[in-house]
Number of protein chains: 2
Amino acid sequence: MAGATLKDIAREANVSIASASRAINGLDNVADDVKQRVLEIAKRLRYVPHGGARSLVMSRTNTIGVLLPDIYGEFFAEIIRGIDVAARARGLHLLVSGSHGNPDEALRIMSAMGGRVDGLLVMSPFVESHDLAAVLPLNLPVVTIASRIGADQRSISVDNFGGGVTAVAHLRAQGCRRLAHISGPSRNFEAQERRRGFLSMFDGATPPLYEGDFTEESGYRGAKALLALNERPDGIFAANDMMAVGCLLALREAGVNVPEDIAVVGFDDIPIARFTSPPLTTLRVGIFDLGRRGLEMLVATLEGGETGEGIIVAPELVMRDSSRHKSG
Amino acid sequence: MAGATLKDIAREANVSIASASRAINGLDNVADDVKQRVLEIAKRLRYVPHGGARSLVMSRTNTIGVLLPDIYGEFFAEIIRGIDVAARARGLHLLVSGSHGNPDEALRIMSAMGGRVDGLLVMSPFVESHDLAAVLPLNLPVVTIASRIGADQRSISVDNFGGGVTAVAHLRAQGCRRLAHISGPSRNFEAQERRRGFLSMFDGATPPLYEGDFTEESGYRGAKALLALNERPDGIFAANDMMAVGCLLALREAGVNVPEDIAVVGFDDIPIARFTSPPLTTLRVGIFDLGRRGLEMLVATLEGGETGEGIIVAPELVMRDSSRHKSG
DNA sequence: CTGAAAGCGCTTACAG
DNA sequence: CTGAAAGCGCTTACAG
């Protein structure tokens, strides 16, 4: 019922469980015939080693815990894919937990992962996330991705402020004079930084802001709200691509030409951005690589114990038709 | 270094490790003061129980292994989200492994998960996947999602054939006379079934087929290929929404009106389908629910040992503007 | 090359 | 209410 164990195999093969263990693990201090016999029996019994027991004695789980705020849309699919590909290349397992809504929940989950993982990859973009640092498990290496956690933490994050600045500079260079911003949720640290970057380009003036929640839906509503303004904007910076997609749809429905009447810039460069109509100008953060590099950094910590500080990735402007030069 | 253990706590609290264990687990056969003392010390030491040891002795891991073919795009993000939400509700962990490219790799991964999980949720849509059934770990409950594995397997899948039939019937009802199909990859079982359903509506005649690979890119190329035909189709059934998105873009670029000139139907109803232009008519399979119900079915097997056969979900036509009634 | 034995951290009858 | 002890399945010095 509970599956074959090493003991079963050893008995059947007439050897000690030590020898069985060695054969299974491919060590060379086993007689060839023993090795063969054991392997055969193992296959016949469909033996699979008990990972828990193994990790108990080796004090290594070969598993990385992954903590995500919400598994939603292409952005997170890409992040996980990057992590997964890098983990697979190293024979590591992934204990994944998505959709925690706040730091408290993240904490509960992390403690539930205790003893099951060798390290933690945490993405917790909540503004309050720096509290997390205080409760992170001792002795468990952690790398944060796009989060706001104590600066002493090893981390890989995005220059969101700089991205906001770049978006504004680009729109102005394309001839836009009245810019507006559809921001992400205010409790999201990244959203806050992008908005700060955007606003930093206006001294004194207060450009129109609409607070969305990173969904297409909210981008759609945001664009409608901006269109209703007395002074219509001629350039919109959406804090992520999902909202930009919703935004493009609302503009189309309103008969607004993009980019001639209103230019649009997103953030992230999710795979679908090339396939919107018109194709979306955006700030590429290399989502897949964010995940991949996060995992690699964690592995480096695990192995070398290196004490490098964080990496900050500068988003790269990808110009597509949604913002390409305009008449005015 | 290795983190505090029950022994450390017991020593510090001047109790046996048995009592410490009871206090930690909230059993009631512990004196209140002992419980309090232990809990305090545990918090101070940032104690987290060793999951491996616990699962070893309890022969229960509270973890579900999830095996996906590829973590890519919104479809898989939604599946995982459904699984994750359902798992969280039951206090279960998820050991996730994405991007296996074939049944062999799936097998390797499954054996690597051995002893770490109580059950397996497998999605392996490869045509050759029925081989998997022969090597699935003994005694490890498995539920398959949208896969082609032995019929005795508990499973939740989609009526892909019926979906193909529905798509054709719908397009014809909208007035389309020359239908074409952009199919998924031929080694994908679901893609095959959708194509079979499509073709079943043409006796004798051979409508145009273009084989894509489920990416936007291939949908884009497929539409271009179909537009180059002598006899242009006036209705296209794309085997998934991603390809339908690429298809819509190609049609727009070619100045083709949708649905007036060519109507388009997708498959899946990914979240973004409502936000394409025009909004995409598609066959909704309830992706999130596929994941959620798969996990629930697995849990039922785990708990009750019930022996129900599989569930087959009928996709539901969601009519949007990309196929709404046409002149001709 | 091989086996007996210790021990990883935990839970749970069992006896008090 | 409490503790000593057995045991979950495995790996690894240690002694042969």
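Colleague: At about what angle does helix H11 (residues 241-253) of chain A run to S8(A)?

Modeller: Heads-up: this is a predicted model, where local features need pLDDT of at least 70, side-chain atom pairs count only at pLDDT 80 or more, and totals for chains, interfaces and linings use all residues. Residues are numbered from 1 along each chain as its sequence is written, while chains are lettered from A and ligands numbered from 1 in the order in which they are written. Helices (H or I, at least four residues) and strands (E, at least two) are DSSP runs numbered from the N terminus. H11(A) lies across S6, S8 and S9 of chain A, and its angle to S8(A), taken between N-to-C directions on a 0 to 180 degrees scale with axes fitted to C-alpha atoms (for helices, over the stretch in contact), is about 145 degrees.

Colleague: Which strands sit at the edges of the four-stranded sheet in chain A?

Modeller: That open sheet has parallel pairing in the order S7-S6-S8-S9, where pairing needs at least two DSSP bridges between two strands. An edge strand pairs on one side only, which here picks out S7 (209-211) and S9 (263-265) of chain A.

Colleague: And how much does that sheet twist on average from one strand to the next, and which helix packs on it touching S6 and S8 of chain A?

Modeller: The average twist is 15 degrees per step between neighbouring strands. Packed on the sheet, with a direction about 170 degrees from that of S6(A), and touching S6 (179-183) and S8 (contact being C-beta atoms, placed from the backbone, within 7 Å), is H9 (residues 189-199) of chain A.

Colleague: What is the bridge partner of Gly235(A) in S9(A)?

Modeller: S8 (residues 235-238) of chain A runs parallel to S9(A), joined by three bridges. Across from Gly235(A) is Ala263(A).

Colleague: How many strands form the sheet that includes strands of both chains?

Modeller: Its order is S11(A)-S5(A)-S4(A)-S3(A)-S1(A)-S2(A)-S2(B)-S1(B)-S3(B)-S4(B)-S5(B)-S11(B), open and with mixed pairing. S11 (311-313) of each chain is an edge strand, and the twist averages 20 degrees from one strand to the next. The strand count is twelve.

Colleague: Where the chains meet in that sheet, which residue does Leu95(A) bridge to in S2(B)?

Modeller: S2(A) and S2(B) pair in the antiparallel sense over three bridges. The partner of Leu95(A) is Leu95(B).

Colleague: Which element gives the largest share of the side of chain B that touches chain A?

Modeller: Each chain puts 48 residues into the contact. Chain B's side has 22 nonpolar (Ala, Val, Leu, Ile, Met, Phe, Trp, Tyr, Cys, Pro), eight charged (Asp, Glu, Lys, Arg) and 18 polar residues (the others, Gly among them). Nine residues, the largest share, come from H5(B).

Colleague: Is H5(B) parallel or oblique to H12 (residues 287-304) of chain B, and why?

Modeller: The two helices pack with axes 7 Å apart, at about 40 degrees. Under 35 degrees counts as roughly parallel, over 145 as roughly antiparallel, 65 to 115 as roughly perpendicular and the rest as oblique. The contact splits into eleven nonpolar, three polar and five charged residues. Because of that angle, the relation of H5(B) to H12(B) is oblique.

Colleague: How many residues are around DNA strand D?

Modeller: Nearness here means a C-beta atom, placed from the backbone, within 6 Å. Thr5(A), Leu6(A), Ser21(A), Ala53(A) and Val57(B) come nearest, and H2 and H4 of both chains each supply at least two residues. By class there are 17 nonpolar, seven polar and three charged, and the total is 27.

How values were computed
Contact = placed C-beta atoms within 7 Å.
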